[in-house]
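Dear colleague,

Please find the structure below, handed over for your examination. My notes on its pockets follow.

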Amino acid sequence: MSRERIFREVEESLKNIQEVRSELGDNVSLSTLRYILASMVITLGRGVGSTFYRAGYDIGVYKAKSHDLKGIEEAFEYVEKAFERTGTGIIERWEMEEDGKIEITMRESATAAGYDIGKKLCYYQAGFIAGILHGATGERWEVHETKCMAEGHDHCEFVAIRRG
């Protein structure tokens, strides 16, 4: 089954979430998410960061295309709303630099807030931003986390770089 078909099935299942989960709806606790992620880190080992990045990237590309996003502005409007709506994080600011890089600041990361393990953890968010930008601009983007709450910072920062 293709990624696109799986993502369409996910979207369809969520359209009637109140029928499927009449009492719990769309809510899942942060502790559940974190235990699942921690278990995946243990199971997958060193390659887990690139796996989470790729998952975010694929979903970002799909969302950009399914919502017909065009350009950087629309991409970030979508990211801001999606992250806040899903509890993934709060995009505090994004700013295009003169050299074409985009600097992004995020608070309340679902994957990193409250940790201080000396390691970056927001691979999914970085991948999602890269995927949204690719889908909305047709250009390839790399997004790297430069600061993470899990390293003791009070917010996470990312840099998006256009790769063509």
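The largest pocket of this predicted model has a volume of about 1,800 Å³. Its lining comprises 48 residues, of which L33, I59, T86, T88 and Y124 are the closest to the pocket centre.

Several helices contribute to this lining: α1 (3–15), α3 (30–44), α4 (48–66), α5 (71–86) and α6 (123–137) each provide at least two residues. The greatest contribution to the lining of the largest pocket is that of α3, with nine residues. As to chemical class, 29 of the residues lining the largest pocket are nonpolar, eleven are polar and eight are charged.

The second largest pocket encloses about 170 Å³ of space. It is lined by G49, S50, Y53, K120, C122, Y123, A126, E142, V143, H144 and E145. At least two of these lining residues come from each of α4, α6 and β3 (141–147). Strand β3 accounts for the largest share of the lining of the second largest pocket, namely four residues. The class composition of the second lining is five nonpolar, three polar and three charged residues.

Two elements deserve your attention when you inspect both sites. Helices α4 and α6 each supply at least two residues to the lining of the largest pocket, and each likewise supplies at least two to that of the second largest pocket.

With kind regards

Methods. Residues are numbered from 1 along each chain as its sequence is written. This is a predicted model: local features need pLDDT of at least 70, side-chain atom pairs count only at pLDDT 80 or more; totals for chains, interfaces and linings use all residues. Side-chain values use heavy atoms; hydrogens and water are left out. On a 1 Å grid over the protein atoms alone, a cavity is a set of points where a 1.4 Å probe fits but cannot get out, and a pocket is an open set with protein on both sides within 12 Å along at least five of seven lines; lining residues have an atom within 4 Å of a point. Grid points are joined across faces, edges and corners, and a volume is the space filled by probe spheres set on the points. Ala, Val, Leu, Ile, Met, Phe, Trp, Tyr, Cys and Pro count as nonpolar, Asp, Glu, Lys and Arg as charged, and the others, Gly among them, as polar.
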